[in-house]
Structures are given as C-alpha cells and as structure tokens.
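Let's take a walk through this protein together, stopping at a loop or two, a helix pair and some aromatic rings. Keep the sequence and the 3D view open as you read.

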Amino acid sequence: MSKIRKALIITGGSVDLEFLRSYYEQNTGLFVVGVDGGCKSAVDSGLPIDLMYGDFDTLDSRIKDALIDSGLEHKVLEAEKDLTDTHGAIEEVISRNYKDITIFGGLGSRIDHTLANLMLPFKYIKECNITYLDSHNQINFYEGPCDIQGQNTGYKYLSLIPITDTLVSQTKGLKYKLKNAYLSPYDSLGISNEIQGAYHISIRKGKLLITQSDDKPHKP
C-alpha cells in the first residue's frame, strides 16, 4: 500500500512559531507551502519552503524577492481572482496528489477568511483529509456515515459542531455520552465535551467539524 503524501500549508494569520517548528520536526516528509504572508512565518521558524503561492499582497517584498531569487518554486497569482490564496493552495496540493493536508495560520483576525477557511474542507472531504492546527485548537472535518477513533493528545475539550443535521449513533471515551443524538446546526449540544482517553465517535449521517481545544497553549 502506498504511503499517504502529506502537505503543510502555512498561510496568513496568527502562527505560534515555536508550535509550528515543533510540529514540523515531529512530522517527516512534509511538502511545505508558504502562502503569501505565511512565507514569513516559515522563514522565521527556520522551515524550508518547497513552494511559494499567492498574490503576495501581504508578504514583505524583500522576503518575497529573496526567496524567488534563491530559485524556490513559486506561483504568483493576480490580486483580483475568484479564489482566496488559501483555497488556491489547497487545490494546488491536491493536484499534486497530497491526501493529508495540515494548515497553519488559517484561523486569524479576519473572521471572513476564518469562516471561509472552515467551510473549504467540506468541498474536498472525499478527496483528502484537511486539518487546521494552532497552539490551542485542532479542527477536523467529517461526513457520515463514519467512525472516528482517536487518543487524548493533551487537549481537554472536544466539540462536535454540525454543519448539517447530524445523527451521532454513539460516543465512547467522552465525559458526556451521546447515543442516537440529533445535532442541529442551530444548537450547541455538542460543545465542550471532555476527552477522557481513547475515544470513539460513530456518525450515522451529516456533516460536522470536530474540534479539540484547550485554553492553555498545546504542544504537538
């Protein structure tokens, strides 16, 4: 069986440089994409960049020119376009057959970009696995029917946030158990459950994102 190819996209937004560096060091074979201002986060973290991507309206021109002059592969987009830089970068790595994509920087101060970024993975949910990661949150995306298994990696909370009406068959390993529970996009029943160890979540139908989070900074 062929090995799943993994990509790391670093885009604009808030990035904990130490957390990013630690994640990179613990995950080998990553194809690293610096998206616009995310290139600076990669440089400041000492990460090698395999591809520069974006319209570069926020990246310091001196950093941009230095990276391009070094011979780094790059794709420069027009400022006026139909896709955000992050969206384009996701499509770029999917076109290169990367099936596991982790994104840093997608959760930032611009709420419009943050909301758009959190919807994007559902478009590609049958093609690849996309994870958003920062020092307080890990966000994954699912469409039922599916069974989700995981381990407590240091986060305290786990929340099930439905995008469509979702039926949760059962949960194990969480403080507040759900069985044959309907979650609506318009209520907060699935918020702030607590991880107690290895967990198992069975989704019969629906689309949802699952967040693991903590108030304290987390280490990979």
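A good place to begin is N97, which sits in the loop between α4 (85–95) and β5. Bear in mind as you look that this is a predicted model. The backbone at N97 deserves a second glance: phi is positive there, about 70 degrees, although N97 is not a glycine. Most residues other than glycine have a negative phi, and most peptide bonds are trans. As for its surroundings, N97 is partly exposed, because its relative accessible area is 40%, a value that falls between the 20% and 50% cut-offs.

You will find another positive phi at S192, near 60 degrees, again in a residue other than glycine. S192 belongs to the loop between β11 and β12 (193–205). With a relative accessible area of 36%, S192 is partly exposed.

Now for a peptide bond that goes against the general habit. The bond that joins G144 and P145 is cis, with omega at about 5 degrees. To find P145, look in the loop between β7 (137–143) and β8 (146–150).

Next, turn to a pair of helices. Two packed helices are described by the angle between their axes and the distance between the axes. How do α1 and α2 pack? Helix α1 (residues 17–26) meets helix α2 (residues 38–45) at an angle of about 75 degrees, and their axes are 9 Å apart. That angle lies in the range from 65 to 115 degrees, so α1 is roughly perpendicular to α2. On the α1 side the contact is made by L17, L20 and R21, and on the α2 side by S41, D44 and S45. By character, the residues of this contact divide into two nonpolar, two polar and two charged.

Helix α1 also leads us to the aromatic rings. How many aromatic pairs does the whole structure hold? A search finds five. One of them is formed by F19 and F104, whose ring centres are 5.7 Å apart and whose planes are at 45 degrees, a tilted arrangement. Because F19 lies in helix α1 and F104 in strand β5 (residues 100–104), the pair ties together parts that are 85 residues apart in sequence. Are these two rings buried or exposed? F19 is buried, with a relative accessible area of 4%, and F104 counts as buried too, at 2%. Together with Y23, F19 and F104 form one aromatic cluster.

Y132 and F141 give us another pair to look at. Their ring centres are 6.0 Å apart and their planes are at 70 degrees, so the pair is edge-to-face. Both Y132 and F141 are buried.

For a tyrosine in another setting, look at Y182 in strand β11 (residues 179–183). Y182 is exposed, since its relative accessible area is 54% and the cut-off is 50%. Leaving aside residues up to four places away in sequence, Y182 touches T166, L167, L189 and K205. The C-alpha atoms of Y182 and D165 are 6.9 Å apart, although the two residues are 17 places apart along the chain.

Let's finish with the cysteines. How many disulfides are there? The count comes to zero. Take C146, which is in no disulfide: the nearest cysteine sulfur, that of C128, is 15 Å away, whereas a disulfide needs two cysteine sulfur atoms within 2.5 Å. C39, for its part, is buried, with a relative accessible area of 0%.

Methods. Residues numbered from 1 in each chain as written. Predicted model: local features only at pLDDT ≥ 70, side-chain atom pairs only at ≥ 80, totals over all residues. Heavy atoms only, no water. Axes fitted to C-alpha atoms, helices over the stretch in contact; angles between N-to-C directions. Helix = DSSP H or I, 4+ residues; strand = E, 2+ residues; numbered from the N terminus. Parallel < 35°, antiparallel > 145°, perpendicular 65-115°, else oblique. Contact = heavy atoms within 4.5 Å. Nonpolar A, V, L, I, M, F, W, Y, C, P; charged D, E, K, R; others polar. Buried < 20%, exposed > 50% of the residue type's maximum accessible area, 1.4 Å probe, protein only. Phe/Tyr/Trp six-rings, centres within 6.5 Å; stacked < 30°, edge-to-face > 60°.
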